[in-house]
Number of protein chains: 2
Amino acid sequence: MDNLYADRMSKIPRSFVREILKVADEPDIISFAGGLPNPDTFPQKEFAESTSFILENSGAEALQYSTTEGYEPLRSLVSERYAKNGLSVDPENILITNGSQQGLDLVAKVFLNHEDTVLVEKPTYLAALQAFGLFEPKFKSIPLLNDGVDMDVLRSMVENDDPKLFYSIPNFQNPTGISYSLEKRKLIGELVNQNETVLVEDNPYGEIRFMGENLPPIKRFTNNSILLGSFSKVVAPGIRLGWIVAEDETMHHLVTAKQASDLHSNFFSQMIVHHYLTKYDVEDHLTMIREMYKNQRDFMLEMIKRYFPEGVKYTEPEGGMFLWVTLPEDMDAMELFERTMEDDVAFVPGEAFYSEDSQKNTLRLNFSNSNNTKIEEGIKKMGKAIKELQCN
Amino acid sequence: MDNLYADRMSKIPRSFVREILKVADEPDIISFAGGLPNPDTFPQKEFAESTSFILENSGAEALQYSTTEGYEPLRSLVSERYAKNGLSVDPENILITNGSQQGLDLVAKVFLNHEDTVLVEKPTYLAALQAFGLFEPKFKSIPLLNDGVDMDVLRSMVENDDPKLFYSIPNFQNPTGISYSLEKRKLIGELVNQNETVLVEDNPYGEIRFMGENLPPIKRFTNNSILLGSFSKVVAPGIRLGWIVAEDETMHHLVTAKQASDLHSNFFSQMIVHHYLTKYDVEDHLTMIREMYKNQRDFMLEMIKRYFPEGVKYTEPEGGMFLWVTLPEDMDAMELFERTMEDDVAFVPGEAFYSEDSQKNTLRLNFSNSNNTKIEEGIKKMGKAIKELQCN
């Protein structure tokens, strides 16, 4: 019955990362593989209080079908948080989604015809390749430098290849941890203003900046864009809540697509998150997350410096959850993975994050969901394995 | 920027039903329009207890990212409930979705190429037309008789038109309330066994049978099918939880599509629902729902008999939430809708439920989310308006 399946299914590999996660989930494994927030940051007690409050005072509403657009007070709250950061967004231009991953699915539904061109960073977020991939576009990738994509390549592709979308993660990118400079943000805003390519700006980690200067979203410099946000890293990912910001006409289409896809997002969780964010001090909560992640990032860098051999390069991100390691050129991170797994240490080989021309000597390390004991032991074992591979 | 949107978006009308719901939601309106369960049936107190328990005992797990397939104990519970009804389904063949609406989106993703043929009932569930519609199939519709679809038409289409899918709601169909006879269930099982067309059996209302004999799902008679289920009518819809049952290979593709679409369903809600269904007596809860809906259905039929003029026909469903009214042939339910809205009474004109050749003299009435006072007043006003239209 193979011929019964849609063509698109033959083009989407299952997420290697999620397959790894299944292995890495075993209790004995030291895992730097997942993209998981640290569960010690989850506001369990506050969440329990908010849940009780909602069920006691608005239970019937929370458990009933609701509007596709999302809980209006939650949309207003997102709008107000943007306003504090100098971005003016009307609540009407915010759609609540099942995590920002669903935002990618909806954007793909609304924009992508078969064989349309989508520009992505090189490397990029694997699950974006999957979400867009279901709609069978052509991917073109743009090298990511230390301050954002290579502007010459981006400009040439936007001007010559008629791309529908440019997908970018300007803050603490997954997988590399790289952030775009202010200058590149402005240049990209200008470029999409002058062309038809729509910028899809994904910002799940923006609020987890623990050093350096806060930079505005590229959306500040263009209206030809879609901005994706998420509660996964600020509150918790298990509730699957994110949002899309889009202009009126695009929003109209996104709402239609969302309606067809699942009617609306979990309304119970929307009301709980709204209550939690209104009743408690989110800034305190964010400060706690940032301090924890900064300490773990600092310690991981310290251990890398101590245990990794010369010739290994790595990013030093100013926020987020990941850093990116480049091994000596002839080394294969997949081979390293097989070796460290024998020692019960997991990470994600970089090739999973490329839409083309994978760089096999790269890998991603997560520092958020760990602790110093695991970081020291895991990085030490990785260092030993890298040295062994070098000598083979 | 019109040309930037995907072709599919021009083919999907926004749900008229949901647009109506926005109007019908106003507090002064007597609405038979929505497809809403009665909020008085929501287990608010029990849900609050389950939520406290989960957050206290497994908070970190409930709020963290999780597997795409869904919470294993919840999948096992669904499997056990099927077993009680004589259907053997392995938990591995169950995928938890964001309501069964997402099941439709995932099935469409996995099966539908552009211009593939999808068979639907005539009339059918509007939001299925939307979900499938995003993948640009050709719809062909099969007249629905009092005991299920017209088998001659179905057989001829399956054998001659090479359809990929046949979408059917065999229990208390939305919008008509019609159920398939045991004989037709068997015949359809045989037919899809002998052909490549996959049956998509949607069963959101099956457990809300309040009279007549319980009938097995068509899946009992075929392996060439996908079965969709939902917690929306048994527990509550605001939490957006449903599931898909599929054979191994199809399940593999569905999980890939789900991964790309939103990573996984709300895990917090999955754990709460599992706890609630394990700790409390669901059969008691279902008995309460069935009694309430049966009383309201009986009363609505009584009022229709009293207030509607001769020549109006209607179904007398044995379960579910809807009944279907056929006005005299020359009458337009949309015109009736405009008139009853002046009197603050809402319903859904039937034309919304057709993929082709709408029958304009039909309409859907919801009896679950109402009460006797509203039913009497609303049906009385509708009766008056029908009589006035007859005399014009």
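Two strands count as paired if DSSP finds at least two bridges between them. Keep that cut-off in mind for this tour of a predicted model.

**Confidence**

Colour by pLDDT and start with chain A. Its mean pLDDT is 95, and 98% of its residues reach 70 or more. For the complex, the predictor gives an ipTM of 0.96 and a pTM of 0.96.

**The sheet of chain B**

Now show chain B as a cartoon. Eight strands make an open, mixed sheet, ordered β2-β9-β8-β7-β6-β3-β4-β5. Select 94-97 and 148-149 of chain B: these are the edge strands β2 and β5, each paired on one side only.

**From β3 to β5**

Select β3(B) and β4(B). They are parallel and share six bridges. Zoom in on B:Glu121, which sits opposite B:Ile142 in β4(B). Next, follow the chain from β3(B) to β4(B): the path goes through helix α5, residues 126-133 of chain B, and the β-α-β crossover is right-handed.

Move on to β5(B). It runs antiparallel to β4(B), joined by two bridges. B:Leu145 has B:Gly148 in β5(B) as its bridge partner. The connection from β4(B) to β5(B) is a hairpin through two residues.

**The loops around α5**

Stay in chain B and pick B:Pro123. It lies in the loop between β3 and α5 of chain B. The peptide bond from B:Lys122 to B:Pro123 is cis, with omega near 5°. Switch to chain A for the peptide bond from A:Lys122 to A:Pro123, also cis with omega near 5°.

Back in chain B, select B:Glu136, in the loop between α5 and β4. Its phi is positive, about 55°, although it is not a glycine. Is B:Glu136 buried or exposed? B:Glu136 has a relative accessible area of 11%, so it is buried.

Then select B:Glu115, in the loop between α4 (99-111) and β3 of chain B. It too is a non-glycine residue with a positive phi, here about 75°. B:Glu115 counts as partly exposed, at 46% relative accessibility. Most residues other than glycine have a negative phi, and most peptide bonds are trans.

**Through β7**

Select 198-202 of chain B, strand β7. Five of its five residues are buried, so the strand is largely enclosed by the rest of the structure. Turn on side chains: B:Val198, B:Val200 and B:Asp202 point one way, B:Leu199 and B:Glu201 the other.

β7(B) pairs in parallel with β6(B) over four bridges. B:Ser168 stands opposite B:Glu201 there. Add helix α7, residues 182-193 of chain B: with β6(B) and β7(B) it makes a right-handed β-α-β unit. β7(B) also runs parallel to β8(B), again over four bridges. The partner of B:Val200 in β8(B) is B:Ile226.

**The β2 end and the packed helices**

Go to β2(B). It is antiparallel to β9(B), residues 242-245, over four bridges. B:Thr97 faces B:Gly242 in β9(B). Show α6(B), residues 151-160, which packs on the sheet and touches β3, β4, β5 and β6 of chain B. Its direction makes about 155° with that of β4(B). Then show α3(B), residues 72-84, lying across β2, β8 and β9 of chain B at about 115° to β2(B).

**Last stop: the core**

Which residues touch the most other members of the largest nonpolar core? Select A:Leu365, A:Ile379, B:Leu365 and B:Ile379, out of 243 residues in that core. Finish on A:Ile379. Its contacts include A:Phe32, A:Met300, A:Tyr307 and A:Leu365.

How values were computed:
Residues numbered from 1 in each chain as written. Chains lettered and ligands numbered in written order. Predicted model: local features only at pLDDT ≥ 70, side-chain atom pairs only at ≥ 80, totals over all residues. Heavy atoms only, no water. Contact = heavy atoms within 4.5 Å. Axes fitted to C-alpha atoms, helices over the stretch in contact; angles between N-to-C directions. pLDDT = per-residue confidence, 0-100. Right-handed = clockwise from strand over helix to strand, strands pointing away. Core = buried A, V, L, I, M, F, W, Y, C linked by side-chain atoms within 4.5 Å. Buried < 20%, exposed > 50% of the residue type's maximum accessible area, 1.4 Å probe, protein only. Lists of a residue's contacts leave out its neighbours within four places in sequence.
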